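Here is a short briefing on aromatic rings and their neighbours. Look at the sequence and structure, then read the points below.

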Amino acid sequence: MRLISLALLLLLLTSGAIAQGRNEKAPFKVLHADAVSHGENRQELVGNVIIERDGIRLYAGRMVYTKDEGRLEAWRSVEIRDPSFNLKCSRLTLKTKENEAVAWGNPILTQREDKSDKRFETTLTGVQVRIFTKEKRVQVLEDVVLTRFEIKGQNRKVELRVRCRSMDALTGAKRSTFKGGLSIETPQIGASAERALYDQMANKFYLIGVAKAWNFDSSGRKVNLIEGDKIVYFTKEKRTVVIGNVTADVEPEIKTGERNIPVRLDPVSRPGEVLANE
C-alpha cells in the first residue's frame with residue numbers, strides 16, 4: 001500500500017508569487033480569471049480561476065495572494081490537479097514563508113497508480129489536512145478515512161480501508177501513525193486498536209492497545225477473533241501475528257473467505273465524513 005504522495009503540493013509551496021502568463025519565469029502562471037485586481041502588496045483573482053506551475057494546476061472560485069506574508073488563499077471548489085493526483089477542498093491556504101499548507105472543508109486527496117493490467121486509487125479524507133514541507137510531514141485531523149481501491153475495467157473493489165480520528169504521516173521516512181478509534185478493513189481480515197504505526201517500506205501495520213483481529217467466513221460473518229497487546233498485520237501476505245497476553249476464539253472447522261467492502265461509505269455513520277467515491 002502506498003500512502004498519498006504530496007510532492008505536487010510541495011512544489012506549489014516553494015513558490016513565492018503569482019504573475020501573469022507573460023512572465024514565464026514566475027512561480028505561478030495565471031491561465032484564467034474572470035477578474036483580476038492588483039495592489040502594491042496584494043493580488044486578487046475572482047471567477048473560474050486557474051493558475052499553473054510545472055504542469056500542476058490549481059482551480060478555485062477566488063484567490064488572494066499577499067506578497068509580504070507570502071500567503072495564498074483559495075476558496076470555493078478548490079482543486080489541485082494533475083494526471084495522477086488531485087486535492088479537492090472548500091478552502092486552501094499556502095504559507096510560502098513557513099512552507100506549510102492547510103486544506104479545510106472536507107478535503108479529499110486522491111492518488112492513482114497503474115500496475116500492469118490493474119489500476120489502483122487511494123483516497124484520504126478528513127476534516128482538515130495540514131502539510132509541513134520542511135518536516136516532510138502530513139497531518140489529517142478528525143474523521144480520517146483512507147481507502148485503497150483496485151480497479152478493473154468499470155469495477156471498483158475496496159482493497160483496504162482505515163478509519164481513525166487522526167493521522168500523522170512522515171512522507172520522507174514513509175511511516176504513519178493512526179490514532180483514536182482505529183479500524184482496518186480488508187476483504188479477508190478486520191482489525192481494531194487504540195492506535196497503529198504503518199511502515200510503508202516493510203508493508204506492516206503495528207496495532208497497539210486493545211488490539212483485535214478477525215477473519216470472515218463465506219457469509220461475511222466475523223470468525224477467529226484474536227486479541228493481544230500488539231498485533232502485526234502484514235499487508236502483502238494478508239496475515240497477522242499477535243504478541244503479548246494473547247487470547248483467541250478460533251473455529252478451525254469453519255472455512256474462512258472474503259467479503260465485499262462497500263465502495264461508498266455510509267454518509268450517516270460519521271458526521272462530516274466525505275464519500276470516498278462519488
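The charged end of lysine 222 sits over the ring of tryptophan 214, with 4.2 Å to the ring centre. Keep in mind that this is a predicted model.

**Charges over rings**
- Lysine 222 and tryptophan 214 make one such contact.
- Arginine 91 has its charged end over the ring of tryptophan 104, 4.6 Å from the ring's centre.

**Aromatic pairs**
- A pair of aromatic rings is described by two things: the distance of the centres and the angle of the planes.
- The count of aromatic pairs comes to 3.
- One of them joins phenylalanine 178 and phenylalanine 205. Their centres are 5.9 Å apart, their planes meet at 45 degrees, and the pair is tilted.
- Phenylalanine 178 belongs to strand S14 (residues 175-185) and phenylalanine 205 to strand S16 (residues 204-216), so this pair ties together parts 27 residues apart in sequence.
- Phenylalanine 205 also pairs with tyrosine 233. The centres are 6.4 Å apart and the planes stand at 20 degrees, under the 30-degree limit, so this pair is stacked.
- Phenylalanine 205 is in strand S16 and tyrosine 233 in strand S17 (residues 222-234), so the pair ties together parts 28 residues apart in sequence.

**The cluster**
- Which residues do ring pairs link into a cluster? They are Phe178, Tyr198, Phe205 and Tyr233.

**Buried or exposed?**
- Phenylalanine 178 and phenylalanine 205 are both buried.
- Phenylalanine 205 has 0% relative accessibility, so it counts as buried.
- Tyrosine 233 has a relative accessible area of 5% and is buried.

Definitions and conventions
Residues numbered from 1 in each chain as written. Predicted model: local features only at pLDDT ≥ 70, side-chain atom pairs only at ≥ 80, totals over all residues. Heavy atoms only, no water. Phe/Tyr/Trp six-rings, centres within 6.5 Å; stacked < 30°, edge-to-face > 60°. Helix = DSSP H or I, 4+ residues; strand = E, 2+ residues; numbered from the N terminus. Buried < 20%, exposed > 50% of the residue type's maximum accessible area, 1.4 Å probe, protein only. Lys NZ or Arg CZ within 6 Å of the ring centre and 35° of its normal.
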